[in-house]
Amino acid sequence: MRTLLTSGLVLILAGGTALAADKVQVGDKMVFPESLTSTADGSLIIGSIGTGQIFKAAAGATVAEGWIGAVTEGPTAVLGVYADEANGTLWACYADLALFSGGPGKASVLRSYSLADGSLKSAVTLGDGTFCNDIATAADGTAYAADTAGGQVFAVAPGATTATVFFKDAALASLDGLSFGPDGALYMNGVMTNKLFRLTIGADGAPGTLTELKLSQEIKGPDGMRFGDDGVLYLAENGNAQVDAITFDGDTANIKVVGKEAWDSPTAVTKVGNTLWVIEAKFSKMGAEDAGAFYAYPVMLQ
């Protein structure tokens, strides 16, 4: 390990990863953050499985404070969060972890909040047996939510009170992360199948062709992923404790590891300027009396 001073910012170089010195603590105890998103001003917004809160940290802050409180109806665990700045909306997936422990589980709820003040805009139930895990939005404000349990994508149009099944395919078993690319296609992954997909979208907004992409190297536990403003897809691999930068050559996904540390279940990533922020969920500590503090870690792009 060595340090480097660049433009007044102290970096710690370890394992080939450049880490900015200031990490952001998320809440206090038993947070178990699963997803994060960011806004153009550098703010980070983080969802919690453990407390059911949504946390927010302004640019430069070292602690993300509680911003939106836990809900009292339906499932309380917050998974995917996504800031749609163009439409002033924060989307959040609420799901019941009992689905993965043999229980029936409560129906997932996709909620939207005002990015300005955190007030509730809408709450749409996705149906029995669903597990809402991540969200991406189209230019018209339609939200697309990944249902991990059903291997399907739900769509919620602006102002709608119900969700419709946008796309479903057996290949999407364990569907998790999703993000719209600069080509207008919807990119998706399977967290347990270790696969990456591209779904074309027609001019009329209808789903087109689903393609399983060829990987330049294996991935393990692909989770949250987001396209950056540079057109690169950034992916958190919770099984490999790393973050990748992915570019595409036809149907081939070229994977480059840009961050690899001793993270315990890195589940999401977002890009702010030249920094990737990575959330550490600490899934291995669930059930422990004290899991310690939780952090979002910055990785400086080289």
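**Exercise 1. Find the residue in E6 that is the bridge partner of Leu-36, then place E6 among its neighbours.**

Step 1. In this predicted model, Leu-36 has Ile-46 of E6 as its bridge partner.

Step 2. Look at the pairing around that bridge. Strand E5 (residues 33-38) and E6 run antiparallel, joined by 5 bridges. E5 and E6 form a hairpin, with 5 residues between them. In the turn, Gly-42 has a positive phi of about 90°.

Step 3. Turn to strand E7 (residues 54-57). It is joined to E6 by 4 bridges, again in an antiparallel arrangement. Leu-44 has Ala-57 of E7 as its bridge partner. The hairpin of E6 and E7 also has 5 residues between the strands, and here Gly-52 takes a positive phi near 75°.

**Exercise 2. Decide how far strand E6 is enclosed, and check each face.**

Step 1. The cut-off for buried is under 20% relative accessible area.

Step 2. Apply it to strand E6 (residues 44-48). 5 of the 5 residues are buried, so the strand is largely enclosed by the rest of the structure.

Step 3. Split the strand by face. In a regular strand the side chains alternate between the two faces of the sheet. On one side of E6 are Leu-44, Ile-46 and Ser-48; on the other are Ile-45 and Gly-47. All are buried, and both faces are covered.

**Exercise 3. Locate the disulfide and state what it ties together.**

Step 1. A search of the whole structure finds 1 disulfide. It joins Cys-93 to Cys-132, with S to S at 2.0 Å.

Step 2. Read the handedness. The angle about the S-S bond is -45°, and the link of Cys-93 and Cys-132 is left-handed.

Step 3. Map the ends. Cys-93 lies in strand E10 (residues 89-95) and Cys-132 in strand E13 (residues 132-137), so the pair ties together parts 39 residues apart in sequence.

Step 4. Check exposure. Cys-93 is buried at 0% relative accessible area. Cys-132 is also buried, at 0%.

**Exercise 4. Describe the open sheet that contains E13.**

Step 1. The sheet has 4 strands in the order E13-E14-E15-E16, with antiparallel pairing.

Step 2. Its edge strands are E13 and E16 (164-168), each pairing on one side only. The twist averages 30° from one strand to the next.

Step 3. Inspect one edge. Strand E15 (residues 152-156) is joined to E16 by 4 bridges. Ala-155 stands opposite Thr-164 in E16.

**Exercise 5. Judge where the coordinates deserve caution.**

Step 1. The chain has a mean pLDDT of 92, and 93% of its residues reach 70 or more.

Step 2. Over residues 1-16 the pLDDT is below 50. Beyond near neighbours in sequence, this stretch has 27 contacts in the model.

Step 3. Where pLDDT is low, the predicted coordinates should not be read in detail.

Terms used
Residues numbered from 1 in each chain as written. Predicted model: local features only at pLDDT ≥ 70, side-chain atom pairs only at ≥ 80, totals over all residues. Heavy atoms only, no water. pLDDT = per-residue confidence, 0-100. Contact = heavy atoms within 4.5 Å. Disulfide = S-S within 2.5 Å. Helix = DSSP H or I, 4+ residues; strand = E, 2+ residues; numbered from the N terminus. Buried < 20%, exposed > 50% of the residue type's maximum accessible area, 1.4 Å probe, protein only. Pairing = 2+ DSSP bridges. Axes fitted to C-alpha atoms, helices over the stretch in contact; angles between N-to-C directions.
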